[in-house]
Amino acid sequence: MILPIYQYGHKVLRNVSEDIDVANYPNLQELIVNMWDTMYRAEGCGLAAPQVGLNIRLFVVDAGELSESYPECAGFKKVFINPEIIEESEEEMSFREGCLSLPGISETVVRPKTIRITYLDENLQPHDEEITGVPAICVQHEYDHIEGHVFIDHVGPLRRRILKNKLTNISKGKAGAHYRIALP
Ligand code: NI
């Protein structure tokens, strides 16, 4: 099922999300399938639960589309449940990011190049992984969502001011998204 994608300005994107009680969360597998369907329909490479209106610590990433330019993205398709970033490298990298909750905006963001993250996958198996390069950028972008942040929070005040009208249009549903949206 395709879910509406909550747009910038909605409070659900600003809450800190809660861990899932994996033993008791209803229809978790169905939710994960719906999030993949929603992400692919909108042609995104990641989607976090707050973007479908749920303040739970769950996101999906498929960076495979980027593998032509960034070989380290090949086959990087993962579900992250109750993730925790436990280490970040001092070395940083910049990457031009976009977001399905902010259609029409892309900005260069600087983030740690390598992270270490613990999480459960869709089969509830625990992982403790080091991720580096563009896949690490994608994961940090989605991780931001479950912490109540969006990527433009990393952009300087001058750029933010330039984006102000675009942001207002997004929150009014006037940004021309080609997928189902939910407005503030
Ligand atoms: Ni996003």
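**A tour from His-178 to the nickel ion**

Start by selecting His-178, which sits in the loop between helix 4 (164-171) and strand 9 (181-182). Keep in mind as you go that this is a predicted model. Is His-178 buried or exposed? Its relative accessibility is 55%, so His-178 counts as exposed. Now show what is around it: leaving out residues up to four places away in sequence, His-178 touches Arg-41, Ala-42 and Glu-43. For a sense of scale, add Glu-90 and draw a C-alpha to C-alpha distance to His-178: the two are 38 Å apart in space and 88 residues apart in sequence.

Next, stay with Glu-43 and move into the largest pocket. Glu-43 is among the residues nearest the pocket's centre, along with Gly-44, Cys-45, Gly-98 and Cys-99. Select the whole lining and you should have 29 residues. Strand 5 and helix 2 are the elements that each give two or more residues to that lining. Which one gives the largest share? That's helix 2, with 5 residues. Colour the lining by class and you'll get 13 nonpolar, 10 polar and 6 charged residues. The space inside comes to about 570 Å³.

From the pocket, pick Cys-99 and bring up the nickel ion. Which protein atoms are its donors? They are SG of Cys-99, NE2 of His-141 and NE2 of His-145, lying 2.1 to 2.3 Å from the metal. Along the chain, the donors follow the spacing C-x41-H-x3-H. Cys-99 is in the loop between strand 5 (92-97) and strand 6 (107-112), while His-145 is in helix 2 (residues 134-146), so this pair ties together parts that are 46 residues apart in sequence. Switch on a surface and check both ends of that pair: Cys-99 is buried at 10% relative accessible area, and His-145 is buried too, at 1%.

Last stop: the cysteines. Select Cys-138 and Cys-45, the latter familiar from the middle of the pocket. Why is there no bond between Cys-138 and Cys-45? The sulfur of Cys-45 is the closest cysteine sulfur to that of Cys-138, but the two are 4.5 Å apart, too far for a bond. A disulfide would need the sulfurs within 2.5 Å. Cys-138 itself is buried, with a relative accessible area of 8%. Widen the search to the whole structure and the count of disulfides is 0.

Notes: Residues are numbered from 1 along each chain as its sequence is written. This is a predicted model: local features need pLDDT of at least 70, side-chain atom pairs count only at pLDDT 80 or more; totals for chains, interfaces and linings use all residues. Side-chain values use heavy atoms; hydrogens and water are left out. Donors are N, O and S atoms within 2.8 Å of the metal (3.2 Å for Na, K and Ca); water is not among the atoms, so sites may look incomplete. Helices (H or I, at least four residues) and strands (E, at least two) are DSSP runs, numbered from the N terminus. Buried means under 20% relative accessible area, exposed over 50%, partly exposed in between (1.4 Å probe, protein chains only). On a 1 Å grid over the protein atoms alone, a cavity is a set of points where a 1.4 Å probe fits but cannot get out, and a pocket is an open set with protein on both sides within 12 Å along at least five of seven lines; lining residues have an atom within 4 Å of a point. Grid points are joined across faces, edges and corners, and a volume is the space filled by probe spheres set on the points. Ala, Val, Leu, Ile, Met, Phe, Trp, Tyr, Cys and Pro count as nonpolar, Asp, Glu, Lys and Arg as charged, and the others, Gly among them, as polar. Contact means heavy atoms within 4.5 Å.
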